[in-house]
Each structure stands twice: as C-alpha cells, then as structure tokens.
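Thanks for coming, everyone. Today I will walk you through one model, piece by piece. Please have a look at it before I start.

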Number of protein chains: 4
Amino acid sequence: MVVIMQNGATKADLDAVLARVEGFKLRGSVTVGESQNIIGIVGTPIPPQLQEMLESMSGVREVVRISRPYKLATREFHPRDTIVDVGGVMVGGGSAVVMAGPCAVESETQIMTVAHAIKKAGAHMLRGGAFKPRSSPYSFRGMGEEALKLMAKARAETGLPIVTEVMTPTDVALVGEYADLLQIGARNMQNYQLLEEVGRSHRPVLLKRGLSATFEEWMLSAEYIMNQGNHNVILCERGIRTFETATRNTMDLNAVALGKKRTHLPIIVDPSHGTGKWYLVAPLALAGLAAGADGLMIEVHPDPDKATSDGPQSLTLENFASLMPRINALAGVLHSV
Amino acid sequence: MVVIMQNGATKADLDAVLARVEGFKLRGSVTVGESQNIIGIVGTPIPPQLQEMLESMSGVREVVRISRPYKLATREFHPRDTIVDVGGVMVGGGSAVVMAGPCAVESETQIMTVAHAIKKAGAHMLRGGAFKPRSSPYSFRGMGEEALKLMAKARAETGLPIVTEVMTPTDVALVGEYADLLQIGARNMQNYQLLEEVGRSHRPVLLKRGLSATFEEWMLSAEYIMNQGNHNVILCERGIRTFETATRNTMDLNAVALGKKRTHLPIIVDPSHGTGKWYLVAPLALAGLAAGADGLMIEVHPDPDKATSDGPQSLTLENFASLMPRINALAGVLHSV
Amino acid sequence: MVVIMQNGATKADLDAVLARVEGFKLRGSVTVGESQNIIGIVGTPIPPQLQEMLESMSGVREVVRISRPYKLATREFHPRDTIVDVGGVMVGGGSAVVMAGPCAVESETQIMTVAHAIKKAGAHMLRGGAFKPRSSPYSFRGMGEEALKLMAKARAETGLPIVTEVMTPTDVALVGEYADLLQIGARNMQNYQLLEEVGRSHRPVLLKRGLSATFEEWMLSAEYIMNQGNHNVILCERGIRTFETATRNTMDLNAVALGKKRTHLPIIVDPSHGTGKWYLVAPLALAGLAAGADGLMIEVHPDPDKATSDGPQSLTLENFASLMPRINALAGVLHSV
Amino acid sequence: MVVIMQNGATKADLDAVLARVEGFKLRGSVTVGESQNIIGIVGTPIPPQLQEMLESMSGVREVVRISRPYKLATREFHPRDTIVDVGGVMVGGGSAVVMAGPCAVESETQIMTVAHAIKKAGAHMLRGGAFKPRSSPYSFRGMGEEALKLMAKARAETGLPIVTEVMTPTDVALVGEYADLLQIGARNMQNYQLLEEVGRSHRPVLLKRGLSATFEEWMLSAEYIMNQGNHNVILCERGIRTFETATRNTMDLNAVALGKKRTHLPIIVDPSHGTGKWYLVAPLALAGLAAGADGLMIEVHPDPDKATSDGPQSLTLENFASLMPRINALAGVLHSV
C-alpha cells in the first residue's frame with residue numbers, strides 16, 4: 001500500500017499516518033519529494049479497512065492498494081487452472097463445455113424435449129430455471145421444486161448434469177439436493193448471505209457477474225464463496241449494463257480474457273443474456289470462446305414464441321443444433337494454434 | 001401496448017399476433033401503413049409476459065408498452081403524496097427530514113455521542129449499521145444484534161427513531177424488533193425474497209436505489225414491497241454507477257425530480273454515498289432538497305479518521321452541526337416560492 | 001509520480017526504470033517492500049508521456065500520477081475565483097447568472113419575442129443557436145450567419161450579451177464578430193483544433209462538458225484553451241450519458257461541487273439538456289445553484305410545440321417568467337448561509 | 001411513426017396532433033384504446049424534426065420512430081455487403097484484413113522497421129499516426145506532414161496501403177494526398193464538418209465509433225459521409241466507455257454482430273484501443289473476427305517501452321508475427337462452417 005500525502009500536508013499529518021500504520025504492526029517508509037511525500041507501507045497482513053482509514057486522515061491525498069484483494073481467486077498464488085467437476089463434466093483449462101436449455105422450466109414435455117434435443121446436438125449440461133428472479137412482481141416466477149424434479153428426471157433420461165439458480169440462502173439445501181451446479185444470478189452477485197451459504201455447501205457454484213459489477217467486485221464475490229471452503233467456482237460473464245440500448249446488455253469479453261490472466265477459476269459466457277437477441281447468440285458464442293472462455297451457457301426453447309420468459313433471446317432446437325458443429329470446429333482450431 | 005410489425009412481415013405473421021392477443025381476451029386494432037403495420041392492443045389486464053412473447057414472434061419488429069408497469073407506486077392512480085409515519089416523524093409531501101449517524105455502529109460511546117450531537121443539531125432520525133454488506137469478505141461486517149440494542153438505547157435517550165439495514169429475509173423479524181425504519185441497501189434492491197419479507201412486516205421501509213438500477217426498476221422493487229400489503233415505502237437515491245471516477249458514485253437528482261412526478265412515495269437522498277467525499281456532502285444535500293427531495297440521509301462520525309467504514313464520506317459532529325442551519329434555511333425558501 | 005513494481009520484477013527491471021527516469025533529469029527513490037518495490041519519482045518537470053512509457057516497461061505493475069495534469073485550470077496554483085466579464089455581465093464567484101433563449105434561432109419574430117420576454121423576466125444573457133450540431137444529416141442545422149445578425153439585433157434592442165455555438169475552427173472569426181461568449185458544444189469538447197482556435201481569439205468561451213467526458217478530461221480541454229492565452233473560460237455541465245434512459249441525460253451535480261473545489265473557473269449548469277424534459281428544468285436549475293453553480297443556461301421558446309429542435313425541453317415564456325423569482329430567492333438564501 | 005397519447009389527453013390534443021401531421025402531407029390513423037389513444041402515422045417522407053415536434057405537444061406521451069433513420073447505411077435497402085477497395089485491398093464481405101503499425105510515426109527507422117516486419121508477417125495495410133488527438137495539450141501530438149511522407153515511403157517499399165487519421169476539415173486535402181484510407185478518430189465521430197469534408201473527398205474512410213456513441217449514432221455519422229456521395233465507409237469498433245476500469249475501454253462485440261445484420265458497410269475492430277493492454281490484444285482480435293468483423297486494426301511498435309504514445313497496448317514485432325497465423329487459422333475455420 002502506498003500513501004500519497006497532499007502538497008500542503010504537515011509534519012504532524014505525516015507522523016499521524018505513520019503512527020496509525022505502526023499500530024497495525026506495519027512499517028511506513030517515507031520518500032521525501034519536492035512537493036509531496038510518499039509513504040510505502042511494508043509488512044503483512046494489511047488489514048482490509050486500512051485503506052479507508054488512511055484515506056480519511058488529514059493531509060492524505062490518495063491511498064493506492066498494490067496487492068489484489070482476492071487471495072483465493074487470484075492466479076498469483078495459484079498459477080494452474082482450476083478444473084471443476086460438475087457431475088462428471090470437467091469445466092476449465094480450455095474446455096468448451098456447452099450448457100443449454102430453457103430460461104424457465106414450463107412443463108415436463110418442454111424440458112424433456114429440450115433435454116433430448118440438446119443431448120443429441122452435443123451439449124454437455126442442461127440448464128433450466130425453477131426459481132426465477134423477475135424485475136416485476138407480476139411476472140412468471142418459476143415452477144419451484146416441481147421444476148427441480150422435472151430437471152432431475154431429464155438428467156436421469158439423458159445423463160446430462162443440471163444447473164439451476166438458487167435465489168435465497170434458505171433454498172440452498174433444497175436446490176442442492178437436485179442440482180449438480182448451483183447458479184448465483186447476476187442480481188444476487190452481492191447477496192453475501194447467499195454466497196456464504198453456497199460456500200458452505202458441497203456443490204459447485206456458477207457465479208454470474210452482476211450487471212454493473214466491476215471485474216474486481218466479481219472476483220471478491222468468488223472470494224466470499226471460496227472463503228467458506230468451496231473452491232469449485234465457475235465464473236460466468238453475461239453482459240454488463242452500459243449506455244447502449246441496441247442490445248439488451250453489452251458482453252464484456254475483455255473481462256473474459258482478463259479473467260484468464262488474473263484468476264485460475266474457469267470462466268464461461270452467456271451470449272443469450274449478453275445480447276438479448278437470438279440472432280446474435282451464435283456470433284457472440286463463437287467470440288466468447290475465441291476470447292478464451294471455457295464454455296457457454298445458451299438458452300434453447302422448443303417454441304421461443306411461447307416462452308414464458310426470455311423468448312426473444314432463445315434459440316430454437318434447430319438453430320442450436322446447427323450452432324454446435326461451428327462451436328466444435330472453432331474449439332478445435334483454438335486448441336491447435 | 002403497441003406492436004410494430006417488420007417491413008416484410010406477412011399476413012400470416014400479423015394474424016398470428018392477433019390470435020395470440022385474442023388468446024388473452026384482448027383486442028388488436030391494425031393500422032395499415034405504407035411500409036409497416038401497427039397493432040394497437042386494447043383491453044385489460046395486459047399480462048406481464050405479453051410483451052416478451054410478442055417480441056419473439058415472427059414478423060414483429062418492436063413492442064412498446066404504454067402504461068407504467070408499477071400500479072401501486074405510480075402517481076397516476078394515487079395523485080396525493082404518501083406521508084410515511086416513522087416513529088412519529090412524518091416523511092413525504094415536502095418534508096425536510098434529516099436522518100444522520102455513523103455508517104456502522106462501533107461502540108456504545110460512539111453511537112451515544114453521535115445520537116446526542118445530531119439531536120442537538122436538529123436531526124430527526126438516527127441511522128447506524130448493525131449488519132453491513134461489504135464487497136470483500138475480509139472487511140468489517142458490523143456488530144449485529146448488539147448494535148441494534150445500542151441503537152435502541154440511543155433512541156430511548158434521545159427520542160430519535162432509528163433506521164438500520166436488514167440484509168436477508170431471515171433477519172427481518174429480528175431487525176424489525178428494534179428498527180423504526182427498515183433499510184434495504186442498494187445491493188439488495190433486487191433481492192426479491194427480502195423485498196417480499198419486508199413487505200409482509202409492518203415496519204416502514206427505506207428502499208435504496210441499486211447502483212445500476214433504472215428508475216423503472218426502482219419503482220418495480222417498491223412495487224414488490226407494496227404488493228405484499230406494506231405501502232409505507234420511502235425511496236432513497238444514493239448515487240448510480242457511471243463512467244466517472246472522480247467521485248465514488250454519480251448522484252442522479254434527475255431521478256429525484258422525476259420521482260416527484262411519477263410516484264406518490266416520499267424520496268430522500270443520501271449525499272454521503274452519492275459523492276463518497278465528505279466535502280461534497282453539504283452542496284449535494286442542499287441540491288437534493290432543491291431538486292425536490294423529502295429528506296436527507298447523512299453519515300456522521302465523531303472521528304471519521306478512525307471509522308471502520310466509509311470514513312472519507314462522513315461529516316464530523318461539527319460539520320454536521322454547521323450544515324443543519326443551511327438545510328433549514330434552504331427548506332424554508334423552497335416552501336415559500 | 002509513483003511506480004509500483006510487480007511482485008516478480010527483477011533487479012534489471014528496477015534498474016531500467018531508474019535509468020529511464022534519470023534520462024529525464026528526475027530522481028527515483030526506492031522503497032523496498034516484502035513483496036513489491038515502490039519507486040517515488042522526485043523532480044520537475046515530469047514530461048507528460050512518462051507515465052505511459054513507464055507503464056509499458058517490463059516489471060512495472062502500475063504508475064500513479066500524483067499531481068493534477070491541468071496546471072492552468074487548477075485551483076491549486078490559483079486559489080481565487082476567476083470572474084469572467086461577458087459584455088458587462090460578471091460570471092463566477094457565486095454569481096447566479098441566467099442565460100436563456102431558444103435552442104435554434106428560427107426567425108426574427110421568434111428571437112425578438114424571446115429576447116424581450118427573458119429580459120423582462122430578469123435574465124442576464126441571450127442564448128440561441130446559429131450553427132447546430134445534429135446527430136442526423138437530415139435534421140435542421142441552423143440559419144447560420146443570418147441567425148447571428150438577428151441575435152446582434154436582439155442585443156442592440158435589449159442590451160443582453162449573446163452566447164452562441166461555434167462548431168469548426170474556420171468559423172471562429174465569423175462567430176466571434178457577433179457573439180459575446182463563444183460556446184463549444186458537448187460533441188466538440190475534444191475537438192482540439194477548435195479549442196486552440198477559440199483559445200487564440202479574445203472572446204470568452206463557454207466550454208460544455210462532453211457527454212462521456214470525465215471531470216479530468218473536461219479540465220484538460222479547458223487547459224487547451226487557456227494554454228493559448230485565453231483564460232476567460234466558463235465551464236458548463238449539461239448532463240452525462242449513463243445507463244438511465246428515463247431522462248435524456250444524467251445531470252452530474254457532483255461534478256459541479258467538485259469543480260468548485262478543484263478549479264477557479266466559473267461553472268454553470270444547463271438543466272434543459274441535462275434532463276431533456278421541460279418539467280424537470282425548474283427543480284434541476286435550483287439544484288444546480290444549490291450545488292454551487294455560478295449560473296444557468298435555460299432553453300426558452302415562445303411555442304415549444306413548434307420548435308425545430310429541442311422542443312420537449314424548452315420552457316414557455318410564462319414558465320420561464322415564473323421560474324426567475326424562485327431562482328432569485330434561492331440565490332439569496334444560498335449567499336446568506 | 002407512432003404517437004401514443006397520454007391517459008388524460010383531450011380531444012383537442014388529439015386533433016392538434018392530427019393537424020400537425022397533416023400539415024406535412026402525412027396521415028394519422030387513430031386506434032381508440034380504453035385508456036389511451038394511439039396514432040399511427042402513414043405516408044412519406046417523414047421529416048426528421050417531426051418526432052421532436054410531436055413529443056413536445058400537449059397530451060402526447062411518447063413518439064416511437066419505426067423506420068431506421070439511416071437510409072444509406074442500412075442493409076434494409078441495400079442487402080448486399082459493400083466491399084471497399086483500399087489501394088487494392090478489399091475490405092468487407094467476410095474479409096480478414098489486418099491493418100497494423102505504430103500509434104504514432106516517430107522516425108523513419110521506426111516506421112520502416114514496422115512496415116517491413118508486418119508485411120513479412122502477412123499484414124495487409126500499414127497504420128500510423130501523423131496528427132494525434134491527445135486529451136492533454138502537453139502530450140506529443142504527432143509529426144504532421146513529415147510523418148505522412150514517411151508513411152508514403154513505407155508504402156513505396158512494401159506495397160502496403162496506408163491508413164492515417166485526419167482531425168480537422170482543412171487537413172482533409174493534405175492527408176488525402178498521402179493516405180489510401182482516411183481515419184476519423186473516435187473523438188471526432190460527431191465532428192460533422194469533418195465528416196462532410198471526407199464525404200466530399202474520393203478517399204475511402206475508416207469511421208471509428210465514438211467512446212460513448214450508440215450504435216444508431218454511429219450509423220448516422222456514416223450517413224453524414226455517405227450523404228455527400230462517398231459510400232466507401234469502413235466502420236471500426238474500438239471499445240466504448242463504461243463503468244469498468246480494469247481495461248481501458250470495453251470492446252462491444254455485440255455491436256459488431258449487430259452491425260453485420262443492420263448495415264452493408266464493412267466493420268473492423270481495434271483490440272489495441274479496445275482493451276488498452278497488449279496481452280489482451282490477441283484474444284480480442286480473435287474474438288472480433290469470430291463475432292463477424294471483416295478485419296482488424298492492431299498497434300505494433302518495435303519497442304513499446306519507448307513509444308511516445310499507447311505503449312502499453314502495442315504488440316512487439318515478435319508478438320504480432322506470432323498472432324498472424326492464429327488469425328489466419330481462425331479466419332479459415334470461420335469461413336468453412
């Protein structure tokens with residue numbers, strides 16, 4: 001940590017900062033400049049509240065943190081890729097895992113039709129919503145446990161592991177009974193009680209990036225889960241909120257490529273939510289893999305026109321089937337060069 | 001709702017849309033244009049999923065919703081200002097209520113000192129965090145129930161109603177035992193289980209706007225609470241996330257003025273979080289009132305240098321005391337012109 | 001400037017940085033940390049390209065600049081408020097100057113009607129567009145020099161100084177013949193040739209903030225003008241682009257309050273562009289003054305329904321007349337407390 | 001165009017809108033709803049100012065435009081891909097053209113070294129800045145015409161067509177003497193005089209997207225150029241400004257894929273500016289092609305540590321050489337599936 005003092009800071013200001021630093025058993029080393037003094041802080045551990053404390057002290061201009069605040073998720077201390085085993089499907093390390101299925105489970109026919117179709121097309125995992133977060137209290141919010149049972153049945157028939165969202169801490173045990181992979185939705189990326197609860201479960205977790213979460217906040221949310229002992233975390237970029245309204249969200253593939261440098265955790269992308277338009281799903285799915293993603297999450301519905309949610313961004317079974325060979329061809333060439 | 005068909009939409013596309021609309025007992029009225037057809041949908045109620053369903057149909061270019069999706073919060077059907085009674089303090093209708101106190105309760109001495117000082121300066125309510133949401137799992141996260149007890153003691157001594165945050169549905173009962181006003185933090189604005197739980201309680205609720213929530217999403221979150229029977233909702237603008245990094249957040253006072261037009265609920269502003277810098281709190285507090293806010297929430301700490309959180313944005317007791325007369329003078333002139 | 005080395009930086013990396021720094025006649029002072037080394041750079045002047053150069057060197061993690069890059073606009077070296085004289089109207093230092101008029105000059109009747117009406121209501125300056133930047137090539141783009149002549153005539157009749165936009169370097173001389181205050185529009189905030197050209201003229205300049213310009217970029221654009229010798233720069237906050245679409249732009253009043261701390265230049269706000277809705281102009285005008293602005297720019301049109309541009313955000317003559325006493329009452333109380 | 005009237009709009013309001021519409025020789029067709037009336041406007045041409053005019057009329061809630069305002073750039077009336085011939089290099093229709101070179105031309109040695117190296121590696125065009133827009137007036141701003149001459153020399157030696165930025169209308173003729181492709185930088189995307197001037201030249205134009213320009217505004221800027229008779233426009237996505245600061249900008253590859261649907265013009269991507277970090281250039285270059293881009297613009301410098309600008313985002317000659325085969329392999333597979 002580096003403390004940059006103000007131009008007009010007094011000797012007393014400087015001494016107060018040094019004293020505060022020493023109070024934490026750290027040492028401050030001063031560089032005397034012509035107009036400002038700089039204090040380099042040496043020692044560990046640096047308590048998390050120190051930056052804020054110093055920033056509010058008299059005579060301090062700025063405090064710059066110089067180590068990543070996410071110790072468990074960072075690649076710095078864990079250079080090798082983490083591979084997460086989700087019901088036998090390995091995610092990470094350059095895998096090109098495809099999770100597909102409807103936004104919401106709507107009926108047995110619907111979910112079975114999709115499950116068999118995506119299996120046949122070559123997908124590796126089945127997604128489907130049982131509990132749905134919706135902006136409006138008047139929207140369809142999912143079939144709940146009944147949907148979980150239907151998904152389990154689909155898994156039994158197809159062998160595909162299942163991924164579904166859990167929205168509140170008290171549901172973690174229930175959803176964990178059925179799901180192979182517990183999804184934390186974008187709106188809950190900073191629901192810390194929920195993060196800690198899935199951290200205490202033994203299920204792998206899919207952590208979606210919040211709509212306006214910075215890269216660092218996303219890593220810190222992974223840290224919340226890992227800090228409870230569960231290191232099986234898969235990150236999912238699903239678009240951020242920007243000024244642009246021509247697409248539902250803005251896919252941030254910079255974050256995917258940056259993530260492959262900064263964290264050892266697997267990262268997948270969700271071009272369905274990331275674009276909000278079915279006809280942009282294929283190009284952004286391919287782009288996501290090219291940027292370095294370890295997999296994809298894609299919404300597929302047998303009849304998007306009648307979907308209870310997210311119809312406009314869902315692929316038909318046919319469109320999904322024709323996308324899979326393109327994904328595989330691309331993954332092949334990405335591995336070979 | 002208005003459906004705008006694509007240029008090349010077929011007669012079959014048009015008929016399919018009309019059929020879908022009629023399936024909901026609504027009527028579609030077609031305007032035939034030279035290049036596009038437009039369908040005005042007449043009838044009520046319009047089911048919430050209809051827009052999405054129609055948008056994904058073949059030949060549809062765009063579906064425009066023309067009534068506000070928040071029925072309970074809108075001023076359209078409830079023109080008079082709602083006044084929320086918080087332990088005897090009336091919020092709304094042009095009140096200039098001031099809630100003040102530390103970000104987090106840290107000790108009995110701290111909270112008592114602040115409570116007496118802000119009472120003397122003329123504040124109307126005491127704020128203080130017992131459960132703190134923090135981006136990092138390694139930061140101080142509040143004293144929990146002990147803090148609630150200290151706040152209750154401060155209320156007993158000063159008569160100031162207390163406001164504090166509740167973070168998870170299972171804590172609503174506990175926090176509701178102590179607090180006069182339950183705060184939903186920005187990160188939880190779309191934690192629907194939590195919104196519904198406070199909606200089922202009988203306590204007034206302070207709903208902070210999410211960091212990247214649109215005005216409409218904010219209203220819909222209020223709707224979640226009201227839809228459970230609790231209409232005592234106070235909105236709080238606390239800054240949104242934008243590209244600008246010179247301040248912690250960007251106060252959106254447009255939303256305050258717009259809010260006074262669109263909803264009957266009271267709106268307050270939080271310039272401490274909205275700016276992140278103590279020396280910008282006073283000008284933005286005054287600006288918030290001038291924009292139409294019904295009150296203010298301000299962080300005050302006896303020794304901001306030593307605060308466990310949000311020190312840089314906290315006023316000292318002295319600074320707060322000198323701000324109050326300016327607030328009162330401004331409120332006076334705003335009412336008289 | 002502070003250089004933070006990477007964890008694994010070598011001695012050679014460190015030496016290369018020190019050598020580069022010394023090449024500019026500066027001195028680097030190293031703080032040896034347990035995991036990282038920090039180099040404080042001492043000496044002046046620090047060349048502008050140094051940060052970028054060092055950031056791309058091997059072993060460097062981050063380079064932190066610690067003095068403001070705008071030397072002329074900063075309050076650091078010029079603590080007193082600059083007061084700009086615009087045709088006898090003094091702007092700055094807590095003035096509450098009101099500039100009003102139509103978005104575009106449309107006819108002699110229109111501009112004369114507005115000029116007399118705003119003069120009577122108490123405005124201090126007349127605004128009006130002669131050259132209009134429009135997103136679409138098919139929109140009305142102004143009457144050009146004819147409009148300038150009409151504005152000059154309005155000035156002759158009312159005594160109000162006039163402000164109008166100049167869009168391209170080769171027009172500066174022409175517009176400067178007529179205008180008392182040359183406006184640089186938001187889209188041109190980083191049109192450097194234009195900034196330098198108005199910097200070489202002797203007219204005061206009104207510099208609007210770009211739609212997505214950071215506070216620092218805005219200051220640097222002022223610096224471009226001042227660096228040519230023209231220090232009569234007035235800044236204008238007119239709303240930034242964010243994710244919110246409920247209003248046309250988001251007024252950033254944080255930037256106004258921050259600006260009053262960081263620069264000695266006058267700052268005004270434009271609530272017409274800042275909100276895009278006439279019914280939000282009054283509350284945001286008042287809020288702008290309360291945040292510390294030295295004046296206002298407000299669109300007024302005798303018949304907003306028929307305006308060729310920006311009708312929805314223009315006040316009628318009546319609405320403007322009823323706003324002026326509220327502005328004056330507010331300005332009075334702001335000065336007295 | 002569709003006009004949605006307010007709930008409480010009167011018959012007089014409706015009639016006034018219809019009269020205004022008829023004044024433009026258009027026809028309004030009213031759909032009477034239970035709570036609102038909707039007016040579909042039929043006829044052509046719809047004048048550009050009509051939307052704004054109607055929006056400010058009494059009783060009008062919203063006006064929805066339903067045809068794209070960019071007539072020349074839209075694919076609607078021009079379904080086939082435009083192929084732009086830049087000095088013999090064909091851009092568009094799925095080309096994978098690579099433009100490479102330094103941010104700024106710094107010396108003859110530098111530009112010749114780069115030109116020969118990228119030619120050998122397989123690049124198709126040479127980029128290099130002669131006139132540089134810089135946020136600060138104190139930064140290096142380019143060698144001007146001397147740089148143009150050096151680039152022309154590099155072209156003579158390598159056969160690579162050259163692309164360079166033009167910043168102001170009066171420089172178009174000069175830069176056009178040397179450059180095969182005139183670049184309009186992001187900051188000038190809405191410098192309309194400049195757009196029109198390059199529109200009147202006979203050189204192909206590379207139009208970079210503005211930092212905070214919506215997709216539609218970008219298309220409208222292309223329209224400005226095309227409207228002057230020059231249809232040889234290549235679009236370039238180079239990252240937009242969002243809340244995320246972990247990368248310099250946020251590459252919006254959604255816009256690339258959307259662009260391939262909505263416009264016939266070629267689109268390339270610039271991952272150097274789009275990410276700001278050299279180690280993210282390769283993954284985002286590949287991602288850009290996978291999203292559908294027709295080419296790439298990449299910064300290459302023989303010694304990025306010593307570059308006068310944009311060093312941190314420049315590839316070394318070696319890194320560029322090793323990227324080219326990956327680009328070619330990817331382009332191959334994208335064409336075959």
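I will go through a sheet, a helix, the domains, and then the contact between two chains.

One caution before the details: this is a predicted model.

Let's start with the sheet in chain D. What is the order of its four strands? Reading across, the order is S2-S3-S1-S4. The sheet is open, and the pairing is antiparallel. Now find the edges. They are strand S2, residues 27-32, and strand S4, residues 60-64, both of chain D. Each of these edge strands pairs on one side only. From one strand to the next, the twist averages 20 degrees.

Look at one pair in that sheet. Strand S1 of chain D, residues 2-5, runs antiparallel to S4(D), and four bridges join them. To see the pairing by eye, find D:Val2. Opposite D:Val2 stands D:Val64, in S4(D).

Next, the helix on this sheet. Helix H1 of chain D covers residues 11-23. Helix H1 lies across S1, S2, S3 and S4 of chain D. Its direction is about 5 degrees from that of S3(D), the strand at residues 37-42.

Now switch to chain A, for the domains. Chain A is divided into domain 1, residues 2-64, and domain 2, residues 84-336. How far apart are the C-alpha centres of these two domains of chain A? The answer is 44 Å.

On to the contact between chains D and A. Chain D brings 35 residues, and chain A brings 35 residues. On the chain D side, four helices give two or more residues each: H7 (215-226), H8 (253-262), H10 (278-290) and H11 (317-336). Which element gives the most on that side? H10(D) does, with seven residues. By type, the chain D side has 21 nonpolar residues, nine polar and five charged.

Last topic: how the two copies are related. Turn chain D by 180 degrees, with a shift of 0.0 Å along the axis, and it can be laid on chain A with an RMSD of 0.1 Å. The two copies are therefore related as by a two-fold rotation axis. Want a landmark for that axis? Take D:Ala287. Its C-alpha is the nearest to the axis in chain D, at 2.0 Å.

Why do we say the copies meet through the same surface? Because 100% of the interface residues of chain D are also interface residues in chain A.

That's my tour. Over to you.

Note on methods:
Residues are numbered from 1 along each chain as its sequence is written. Chains are lettered from A and ligands numbered from 1 in the order in which they are written. This is a predicted model: local features need pLDDT of at least 70, side-chain atom pairs count only at pLDDT 80 or more; totals for chains, interfaces and linings use all residues. Two strands pair if DSSP finds at least two bridges between them. Axes are lines fitted to C-alpha atoms, for helices over the stretch in contact, and angles run from 0 to 180 degrees between N-to-C directions. Two residues are in contact if their C-beta atoms, placed from the backbone, lie within 7 Å. Ala, Val, Leu, Ile, Met, Phe, Trp, Tyr, Cys and Pro count as nonpolar, Asp, Glu, Lys and Arg as charged, and the others, Gly among them, as polar. Domain bounds come from an automatic or database domain assignment. Copies are superposed by least squares on the C-alpha atoms of residues with pLDDT of at least 70 in both.
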